[in-house]
Amino acid sequence: FNGLRRIFGNFSGADYAFDQGGRIYGQYGDDVQRLPSKKRSLITINDAPVIEVDIHGSFLTIAHYLRGVPFPTTTDLYKIDGVHRDIAKSWINLTLTESRPRTKWPSKSKKKLIEKGHEPQPAAHYIKPILNQYPFLETMDADTQGWGVLQYIESEIILKAMTGLMAVGVPSYPIHDSLIVPRQHKQQCVDLLLEGFREMCGIFP
């Protein structure tokens, strides 16, 4: 382990506020983030087995906050009538990243869905059923609600949880929208992530 760094984006000049992007990455090629999830589950922290605590629907949760729309009570944000969960998740996150409804699949995204056993329709096919559930996705503002803002808020929540864990002597490793922690400290991690969402967004994923 050689340390971590934050990478910001959308540089806009001398008055740049470092409030775009800001995700945390491994230093000098020491990057657990590039490992498949199965291999990540095999690493240890101080010889202790680990668990990866994932934020369900991170960008979609933050988007609800940014648009000021009521947060749904469903336990699975990606459950859309008539759309497989994997496809809904991919389409929604691509739409949030682009700040406009996806009409075409990027080749990598389509390949991943096929590898999971799906035969996805053209991306435009999913616009109606998904916007029926999340109509605000049609009008996300790229400057104030785009990928840079979504990543920044998410990374601040992750960083708050990491520093909270450090304060009680618990190390962690960030994987963008999740944290790897020693298994015995799972609940502490969950509580800190929820507290971060409450502070930043006023809602819980």
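**First stop: H118**

Select H118. This residue is buried, with a relative accessible area of 12%, because anything under 20% counts as buried. The model you are looking at is predicted.

Now place H118 in the chain. It sits in the loop between α4 (107-115) and α5 (127-133).

Which residues touch H118, once neighbours within four places in sequence are set aside? Show H84, D86, I87 and L113. Keep D86 on screen; the next stop starts there.

**Second stop: D86**

Select D86. You are now in helix α3. Turn on side chains and find the pair D86 and H118. Their side chains make a polar contact of 2.7 Å.

How far apart are D86 and H118 in sequence and in space? Count 32 residues along the chain. Then draw a C-alpha to C-alpha distance, which comes to 8.6 Å.

Is D86 buried or partly exposed? D86 is partly exposed, at a relative accessible area of 22%. The cut-off for buried is under 20%, so D86 falls outside that class. H118, its polar partner, is buried at 12%.

Now show the contacts of D86. Leaving out neighbours within four places in sequence, they are L113, K116 and H118. L113 deserves a label: it is in the contact list of D86 and also in that of H118.

**Third stop: S90**

Stay in helix α3 and select S90. S90 has 16% relative accessibility and counts as buried.

What does S90 touch beyond its neighbours within four places in sequence? Show W105, S109 and L113. L113 turns up again here, as it did for D86.

**Fourth stop: helix α2**

Select residues 58-67. This is helix α2, and it is mostly covered, with 7 of its 10 residues buried.

Colour the buried residues of α2: S58, F59, L60, T61, I62, A63 and H64.

What do these buried residues pack against? Add four elements to the view:

- strand β2, residues 21-26
- helix α3, residues 85-98
- helix α7, residues 147-167
- helix α8, residues 186-201

Helix α3 links this stop to the earlier ones: it holds D86 and S90.

Step past the end of α2. G68 follows the helix, and its phi is positive, near 70°.

**Last stop: the whole protein**

Zoom out and switch to cartoon. How many helices and strands does the protein have? There are 8 helices and 6 strands. Trace them from the N terminus, and the order reads β-β-α-β-β-α-α-α-α-α-α-β-β-α. The radius of gyration is 18 Å, close to the 17 Å that the globule rule gives for 205 residues, so the protein is as compact as a globular protein of that length.

Turn the model along its principal axes. The C-alpha trace spans about 50 × 45 × 35 Å.

Colour by burial. Of the 205 residues, 43% are buried. Then turn on the surface. Its accessible area is about 11500 Å², and carbon and sulfur atoms account for 51% of that.

Consider the contacts between residues at least 6 apart in sequence. Of these, 61% join residues at least 24 apart. The D86 and H118 pair, 32 residues apart, gives you a place to see such a separation.

Finish with charge. Show the 24 positive and 22 negative side chains. The centres of the two sets lie 6 Å apart.

Conventions:
Residues are numbered from 1 along each chain as its sequence is written. This is a predicted model: local features need pLDDT of at least 70, side-chain atom pairs count only at pLDDT 80 or more; totals for chains, interfaces and linings use all residues. Side-chain values use heavy atoms; hydrogens and water are left out. Helices (H or I, at least four residues) and strands (E, at least two) are DSSP runs, numbered from the N terminus. The radius of gyration is taken over C-alpha atoms; the globule rule is 2.2 Å times the number of residues to the power 0.38. Buried means under 20% relative accessible area, exposed over 50%, partly exposed in between (1.4 Å probe, protein chains only). Contact means heavy atoms within 4.5 Å. Accessible areas come from the Shrake-Rupley method with a 1.4 Å probe; for residues, only the protein chains shown count as cover. Lys and Arg count as positive and Asp and Glu as negative; His and the chain ends are not counted. The place of a charge is taken as NZ of Lys, CZ of Arg, CG of Asp or CD of Glu. A polar contact is a pair of N or O atoms within 3.5 Å; within protein, one must be able to donate a hydrogen and the other to accept it, and residues adjacent in sequence count only if both atoms are side-chain atoms.
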